[in-house]
Amino acid sequence: MGRYRPPAPKKTAVITKQGHERLTEELRYLWREERPKITQSVSEAAAQGDRSENADYIYGKKRLAEIDRRVRYLKKRLEEMVIVTQPPDDIKKIYFGAWVTVKNKKGVEKRYRIVGPDEFDDKTEYISVDSPVARAIMGKSVDDEVSVLTPDGQVNLIIRTIEYATKYD
């Protein structure tokens, strides 16, 4: 009997236009460029004979399975996405798409953009709308103080600035 794993919590189905374009391009690349190359290399490796010891064949089959899994996920996910194309009516509060600067008790400031769960990235300071920090600051205004439970413990943050992109296309 296998180990039971409860289903993952449903991700919020919002995305910026740039994030949607990036996922669409990834889907196109995987399906039209990478998958045909891997399929060709697998068929060439299969033609060489014994498949059980053929590393190219084994790796290619695994890579095809990974590509197919990602393609299925992207197709399903892109169908249910809602693309946010304009800032909210009340730009003095934090909502999806906002650039937010927060300051901790030590005086260290960090700037984040609240984006969909499929487009967050540590390198670009994008955080998921489903993250603990984003959930804590949603609906707050400048100078509000929030308390966030992070893996490092309880952190108190003060909201310093809120900005929205002037153009959402």
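**A walk from Asp143 to helix α2**

Asp143 has a relative accessibility of 55%, so it counts as exposed, the cut-off being over 50%. Keep in mind as you look around that this is a predicted model. Where does Asp143 sit? You'll find Asp143 in the loop between α3 (132–137) and β6 (145–150). The backbone has something to show here too: phi of Asp143 is near 75 degrees, a positive value in a residue that isn't glycine.

Now jump back along the chain to helix α2, which covers residues 55–80. With 26 residues at 1.5 Å each, α2 should span 38 Å, and its end C-alpha atoms are indeed 38 Å apart, so expectation and model agree. Have a look at the start of α2 as well: there, Asn54 points a side-chain oxygen to within 3.1 Å of the backbone nitrogen of Asp56.

Which residues of α2 are buried? They are Tyr57, Gly60, Arg63, Leu64, Ile67, Val71, Leu74, Arg77 and Leu78. When you read the spacing of those numbers, it helps to know that an α-helix has 3.6 residues a turn, so residues three or four places apart point the same way.

So what covers these buried residues of α2? Part of the cover is α1 (17–46). The two helices, α1 and α2, pack with their axes 9 Å apart and at an angle of about 155 degrees. That angle is over 145 degrees, which means α1 counts as roughly antiparallel to α2. As for the handedness, α1 makes a left-handed crossing as it passes α2.

Notes
Residues are numbered from 1 along each chain as its sequence is written. This is a predicted model: local features need pLDDT of at least 70, side-chain atom pairs count only at pLDDT 80 or more; totals for chains, interfaces and linings use all residues. Side-chain values use heavy atoms; hydrogens and water are left out. Helices (H or I, at least four residues) and strands (E, at least two) are DSSP runs, numbered from the N terminus. Buried means under 20% relative accessible area, exposed over 50%, partly exposed in between (1.4 Å probe, protein chains only). The expected span of a helix is 1.5 Å times one less than its number of residues. Contact means heavy atoms within 4.5 Å. A polar contact is a pair of N or O atoms within 3.5 Å; within protein, one must be able to donate a hydrogen and the other to accept it, and residues adjacent in sequence count only if both atoms are side-chain atoms. Axes are lines fitted to C-alpha atoms, for helices over the stretch in contact, and angles run from 0 to 180 degrees between N-to-C directions. Angles under 35 degrees count as roughly parallel, over 145 as roughly antiparallel, 65 to 115 as roughly perpendicular and the rest as oblique. A crossing is left-handed if the near helix is turned anticlockwise from the far one by less than a right angle, and right-handed if clockwise.
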